[in-house]
Amino acid sequence: MRVSRRELVKAAGAAALFPLPALAQGAGPKVVVIGGGFAGASAARFVKQQDRAIAVTLVEINPTFTACPFSNGVIAGLRELRAQQFNYERLAETGVTLAFQPATAVDAQARRVTLNGGTQLSYDRLVMAPGIDLRFDGLPGYTEAAAQEMPHAWKAGEQTLLLRRQLEAMEDGGTVVIVAPANPFRCPPGPYERASLIAHYLKTKKPKSKVLILDAKDAFSKQRLFQNAWKELYPDHLEWVSLSQGGKVNEVDVKERTLVTDFTRHKASVANVIPPQRAGAIAQSAGVADRSGWCPVDPATFESKLVPNIHVIGDAAIMGGMPKSAFSANAQAKVCAEVVATLLKGGTPAEPRLINTCYSLVAPDYGITVAGVYKPTNGQLADIPGAGGVSPADAPRSARALEAQFADGWFKTITGEVFG
Ligand SMILES: Cc1cc2nc3c(=O)[nH]c(=O)nc-3n(C[C@H](O)[C@H](O)[C@H](O)COP(=O)(O)OP(=O)(O)OC[C@H]3O[C@@H](n4cnc5c(N)ncnc54)[C@H](O)[C@@H]3O)c2cc1C
């Protein structure tokens, strides 16, 4: 009997209720992908595109994906959360089998993934792309319960809306405090884009209020461009306190809505705490993460340095100079797909070159960019000197407005490519 893709998708969903011993995976070589975000959904699509004979199964917890890029705009009231949400129907049409359940275990010896409910998937190659987990043990006082009072909004969805509602409910004259983590973390320019768009919201809606960034670093992505723009646009609405100025938050007092640094207790009207992070939990339990909490990989193939036949891509992996971005995740997925298809045929993968571009909005009509090109060097993905760069420091406002439009175009293009 021929089973339609739609039914396979349904069967995968139903397995959550009625555990099945195994999910039909087809007769060809088997690739399982864990995580249907920018990295994983792209990898599943491109492996299938490389070779239709490969049986590709994508394991993802949620049937609806909520994208982080542009979610700072949702927080600032510039767009709605539904503009961030995508489903996997078009991906299923390409022949990728979908299983909407959490992967709970990986047996690297037997090359088997276990899903919640007991379903088992065997693989020849496994691609892991589980993104990040927030380290609720990484900042004293900041627990999962605390995140309901002081949202991180670093995984898009309910947390994004919670932070937006808190801003909307805040009285004019309040202080919004953003706690920015030390490196490495998801989206290096993200906290500064967020601060900018919140400052824009305050300037236009609650002009007696301000946003304060308490930072565990002395330097950050696109710093000069951000700081020049802040001087121009938000001189009274945004303040950055660096590590050496005492910006590092050592403790969070949820009851008092207070952030504690070496010298000061900062009382916040709204607190947005972005805690330290690590690779998603399944990477830890599969043994592909090291003591740093992130996953070391071969920079040419993204195969785990710790467990054979498992490739790790996206935010979960240690990618040297390449930042943890959706653009990077998608670029790594394309390389990984080619590597996996080549290895399954017994070939030798070519050495890759990868590109990343990160757009940030400082205001709805003010965009800035950083771009880089990367290649494997001394066991790491390293920046090729002179190949990338940032937006010019002295560009006119018309160029900033154009970059804001490019940012919008990029989001439409990447989400179209990944989710169809
Ligand atoms: C506020 C903000 C703004 C950002 N802006 C930009 C931007 O402008 N440009 C840009 O390029 N990047 C941006 N980023 C970064 C970008 O969101 C991430 O780098 C990107 O999502 C990483 O992709 P990923 O696939 O590794 O992880 P994710 O996209 O998080 O996907 C991981 C997926 O794995 C699933 N998963 C986890 N564990 C399991 C499991 N056990 N079983 C099954 N599924 C599992 C999750 O449900 C999730 O869907 C931003 C991030 C933030 C927070």
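**Note on a predicted structure**

1. In this predicted model, residues Y192, E193, S196 and K203 of helix α6 meet F226, W230 and L233 of helix α7. By class, this contact of α6 with α7 consists of four nonpolar, one polar and two charged residues.

2. The geometry of the helix pair may be described next. Helix α6 covers residues 190–205 and helix α7 covers residues 223–233; their axes come within 11 Å and cross at roughly 5°. Angles under 35 degrees count as roughly parallel, and α6 is therefore roughly parallel to α7.

3. The interior was also examined for enclosed space. The count comes to one cavity of 30 Å³ or more, and the largest cavity holds about 40 Å³ of space.

4. Which residues line the largest cavity? The lining is made up of G314, D315, A317, M319, M322, P323, K324, S325, S328, A329 and Q332. Helix α9, residues 326–344, gives the most to this lining, with three residues. By class, the lining of the largest cavity divides into five nonpolar, four polar and two charged residues.

5. The final point concerns charged pairs. A search of the whole structure finds 18 salt bridges. One salt bridge is formed by E303 with R125, whose closest N and O atoms are 3.2 Å apart. This pair links distant parts of the chain, the two residues being 178 residues apart. E303 lies in the loop between β19 (295–296) and β20 (310–312), whereas R125 belongs to strand β9, residues 125–128.

Methods: Residues numbered from 1 in each chain as written. Predicted model: local features only at pLDDT ≥ 70, side-chain atom pairs only at ≥ 80, totals over all residues. Heavy atoms only, no water. Axes fitted to C-alpha atoms, helices over the stretch in contact; angles between N-to-C directions. Helix = DSSP H or I, 4+ residues; strand = E, 2+ residues; numbered from the N terminus. Parallel < 35°, antiparallel > 145°, perpendicular 65-115°, else oblique. Contact = heavy atoms within 4.5 Å. Nonpolar A, V, L, I, M, F, W, Y, C, P; charged D, E, K, R; others polar. 1 Å grid on protein atoms, 1.4 Å probe; cavity = no way out; pocket = protein on both sides within 12 Å on 5 of 7 lines; lining within 4 Å. Points joined across faces, edges and corners; volume = space filled by probe spheres on them. Salt bridge = Lys/Arg side-chain N within 4 Å of Asp/Glu carboxyl O.
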